[in-house]
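Subject: Handover of a protein model

Dear colleague,

Please find the structure that I am handing over to you. Kindly keep it open while you read the notes below it.

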Amino acid sequence: MSLIRRNNTDRGLSQNRGVDPFEVMRDFLQWDPFRELSRGVPGGGAVTGFLPAFEVKETKDAYVFKADLPGVKQEDLNISLTGNRLTLSGQRHEEKKDEGETHFVYERGFGSFSRSFSLPEGIDAEHVQADLKDGVLNVVVPKKPEVQPKRILVKGAHEGDTKANA
């Protein structure tokens, strides 16, 4: 929604000058084709879903899951590990809107979310750690020591041969 009111002379539509192609392009690039679809939705087309962004990586010792959860409180999070399925779920509550306030843009999402990840065999379910700091959830699922890669030394042809050294 534009906060600037314009009349025809502001848009370059006067009889003498014609149409300003740059202004037409700017208006076109700001057009939202889905705005009309959301007018019949309760809440006036406000974004009602909350889908946090996740980062998942594997290190030598563990699987690390990070999620951006701004505004989510620790008590609104649920983390569970069933077999090899890690499930992270929670909720971000809608902020109170006061009567008489006019919102020109309301794009911040709220609501419940749930994400599940299948983990490979060999995780250490007893030592999973999770912390929420500065709006970032960090979950570390360690690997069992027996499934971590081990370096194998390769002996040379003459190592251990006492006659070769004599």
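The following notes describe the strands, the aromatic rings and the surface in turn.

This is a predicted model, in which local features need pLDDT of at least 70 and side-chain atom pairs count only at pLDDT 80 or more, while totals for chains, interfaces and linings use all residues. Residues are numbered from 1 along each chain as its sequence is written, and side-chain values use heavy atoms, with hydrogens and water left out.

Overall composition

The protein has 2 helices and 7 strands. Both kinds of element are DSSP runs numbered from the N terminus: helices are H or I with at least four residues, and strands are E with at least two. Read from the N terminus, the order of the elements is α-β-β-β-β-β-β-β-α. The protein has 166 residues, of which 20% count as buried. Buried stands for under 20% relative accessible area, exposed for over 50%, and partly exposed for values in between, with a 1.4 Å probe and protein chains only.

The sheet of 4 strands

Strands 1, 2, 7 and 6 form an open sheet in the order 1-2-7-6, and their pairing is antiparallel. Two strands are said to pair if DSSP finds at least two bridges between them. At the edges are strand 1 (54-58) and strand 6 (129-133), each of which pairs on one side only. From one strand to the next, the twist averages 15°. Such angles are taken between N-to-C directions and run from 0 to 180 degrees, and the axes are lines fitted to C-alpha atoms, for helices over the stretch in contact.

Within this sheet, strand 2 and strand 7 run antiparallel and are joined by 7 bridges. Tyrosine 63 has valine 141 in strand 7 as its bridge partner. Strand 6 pairs with strand 7 (residues 136-142) over 5 bridges, also in the antiparallel sense. Here glutamine 129 stands opposite valine 140 in strand 7, and alanine 130 has valine 139 as its bridge partner in that strand. The hairpin of strand 6 and strand 7 has 2 residues between the strands, and aspartate 134 in this hairpin takes a positive phi near 55°.

The sheet of 3 strands

Another open sheet consists of 3 strands in the order 3-4-5, with antiparallel pairing. Strand 3 and strand 5 are at its edges with a single partner strand each, so one side of each has no neighbour in the sheet. The twist in this sheet averages 10° from one strand to the next. Strand 3 and strand 4 (residues 85-92) are paired in the antiparallel sense over 6 bridges, and leucine 77 stands opposite glycine 90 in strand 4.

Before strand 3 (77-82) comes the loop that connects it with strand 2 (62-68), and glutamate 75 is found in this loop. Glutamate 75 counts as exposed, at 63% relative accessibility. Its C-alpha atom is 9.4 Å from that of glutamine 91, with the two residues 16 apart in sequence.

Aromatic pairs

How many aromatic pairs does the structure hold? There are 3 aromatic pairs. Rings of Phe, Tyr and Trp (its six-membered ring) pair if their centres lie within 6.5 Å; planes under 30 degrees apart are stacked, over 60 edge-to-face, and the rest tilted.

Phenylalanine 50 and phenylalanine 113 make an edge-to-face pair, with 5.7 Å centre to centre and 80° between the planes. Phenylalanine 50 lies in the loop between helix 1 and strand 1, and phenylalanine 113 in strand 5 (residues 111-118), so the pair ties together parts that are 63 residues apart in sequence. Phenylalanine 50 is buried at 7% relative accessibility, and phenylalanine 113 is buried with a relative accessible area of 7%.

Phenylalanine 54 and phenylalanine 117 form a tilted pair, 5.5 Å centre to centre with 55° between the planes. This pair links distant parts of the chain, since phenylalanine 54 is in strand 1 and phenylalanine 117 in strand 5, 63 residues apart. Phenylalanine 117 counts as buried at 14% relative accessibility. Ring pairs also link Phe54, Phe65 and Phe117 into a cluster.

An exposed residue in helix 1

Leucine 29 belongs to helix 1 (residues 21-29). Is leucine 29 buried or exposed? Leucine 29 is exposed, because its relative accessible area is 65%.

Yours faithfully,
A colleague
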